[in-house]
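Please open the structure in a viewer and keep the selection panel at hand. The tour below proceeds stop by stop, stating what to select and what is found there.

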Amino acid sequence: MGQDLRCHVFRYLRLCCIGVWVFSVSCAAEPTITEAIPPLTDEGRHLLDRLEGGWSLQITVSSTCPSEWRRELPAGQVVFAVEDGALRIQERGSSLTLFTLYPVDDTTLVYSATASLAGCTARERAELVMETLTSSTSSGTFQVDITRDSAAACDAWFDDEGLPESCTTTTTYQGLRLGAAL
């Protein structure tokens with residue numbers, strides 16, 4: 001499986017690429033990925049129902065992450081699809097899921113994962129907070145925090161890939177509903 005496809009399989013969890021790029025291990029050695037999935041509540045179900053459909057997003061991004069580690073909401077037309085109690089964010093016309101987020105209350109969705117390989121660990125946590133959400137508009141903040149072990153044995157591997165000990169990408173967005181689900 002190629003390194004790009006490997007990232008797609010792990011829901012674009014950029015951390016999965018560490019196993020191929022940084023550790024120079026064979027494709028048979030895959031990182032252990034652990035996701036934290038919160039339970040679906042009635043509030044969360046209601047939030048998913050309100051978000052589902054097509055949106056046009058305008059974004060502003062700030063980041064302390066190197067460009068290859070930035071994880072931001074896409075600008076332009078996107079689809080917020082609901083499946084198995086999760087929000088899947090896709091660019092319009094694509095079946096590839098960019099983000100999978102889980103509701104924790106009536107305004108917040110999260111994603112949290114840990115990738116470990118050869119004794120080294122990296123973590124990614126994403127949070128989408130709705131500041132406003134009406135039937136036709138939405139605005140809020142999407143923040144992704146990436147952290148990694150600072151153990152000396154892991155530093156060279158992570159440093160070669162340009163992953164700092166921690167970095168954050170924040171996307172502020174305003175969205176306009178496109179109409180019926182796309």
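Begin by selecting helix 3: its face turned away from the buried side carries Asp-42 and Asp-49, both exposed. Here buried denotes under 20% relative accessible area, exposed over 50%, and partly exposed anything in between, computed with a 1.4 Å probe on protein chains only. Helices (H or I, at least four residues) and strands (E, at least two) are DSSP runs numbered from the N terminus. The model is a predicted one, in which local features need pLDDT of at least 70 and side-chain atom pairs count only at pLDDT 80 or more, while totals for chains, interfaces and linings use all residues. Residues are numbered from 1 along each chain as its sequence is written, and side-chain values use heavy atoms, with hydrogens and water left out.

**Helix 3, buried side**

Remain on helix 3, which spans residues 42-51, and select Gly-44, Leu-47, Leu-48 and Leu-51, which are buried. These residues lie on the same side of helix 3 because they cover an arc of only 100° around the axis, the arc being that of the directions from the helix axis to the C-beta atoms. Next, select Gly-53, which follows helix 3 and has a positive phi near 130°.

**Strands 4, 5 and 6**

Select strand 5, residues 97-103. Seven of its seven residues are buried, so that the strand is mostly covered.

Add strand 4 (residues 86-91), which runs antiparallel to strand 5 and is joined to it by four bridges. Two strands are taken to pair if DSSP finds at least two bridges between them. One bridge to display is that of Leu-87, whose partner in strand 5 is Leu-101. Five residues lie between the strands in this hairpin of strand 4 and strand 5, where Gly-93 takes a positive phi near 90°.

Now add strand 6 (residues 108-117), joined to strand 5 by two bridges in an antiparallel arrangement. Pro-103 has Leu-109 in strand 6 as its bridge partner. The hairpin connection from strand 5 to strand 6 passes through four residues.

**Arg-88**

Which strand holds Arg-88? Arg-88 is found in strand 4, and is buried, with a relative accessible area of 13%. Show the side chains of Arg-88 and Thr-100: a polar contact of 3.0 Å joins them. A polar contact is a pair of N or O atoms within 3.5 Å; within protein, one must be able to donate a hydrogen and the other to accept it, and residues adjacent in sequence count only if both atoms are side-chain atoms.

Then select Glu-83, whose side chain meets that of Arg-88 in a salt bridge (3.8 Å, N to O). A salt bridge is a side-chain nitrogen of Lys or Arg within 4 Å of a carboxyl oxygen of Asp or Glu. Glu-83 counts as partly exposed, at 41% relative accessibility.

**Further salt bridges**

How many salt bridges does a search of the whole structure find? Four are found. Among them, select Arg-71 and Glu-124, whose closest N and O atoms are 2.7 Å apart. Arg-71 lies in the loop between strand 2 (53-63) and strand 3 (76-83), and Glu-124 in strand 7 (residues 120-133), so the pair ties together parts that are 53 residues apart in sequence. Both Arg-71 and Glu-124 are buried.

Finish with Glu-127 and Arg-125, whose side chains meet in a salt bridge (3.7 Å, N to O). Glu-127 is partly exposed at a relative accessible area of 28%, and Arg-125 likewise counts as partly exposed, at 39% relative accessibility.
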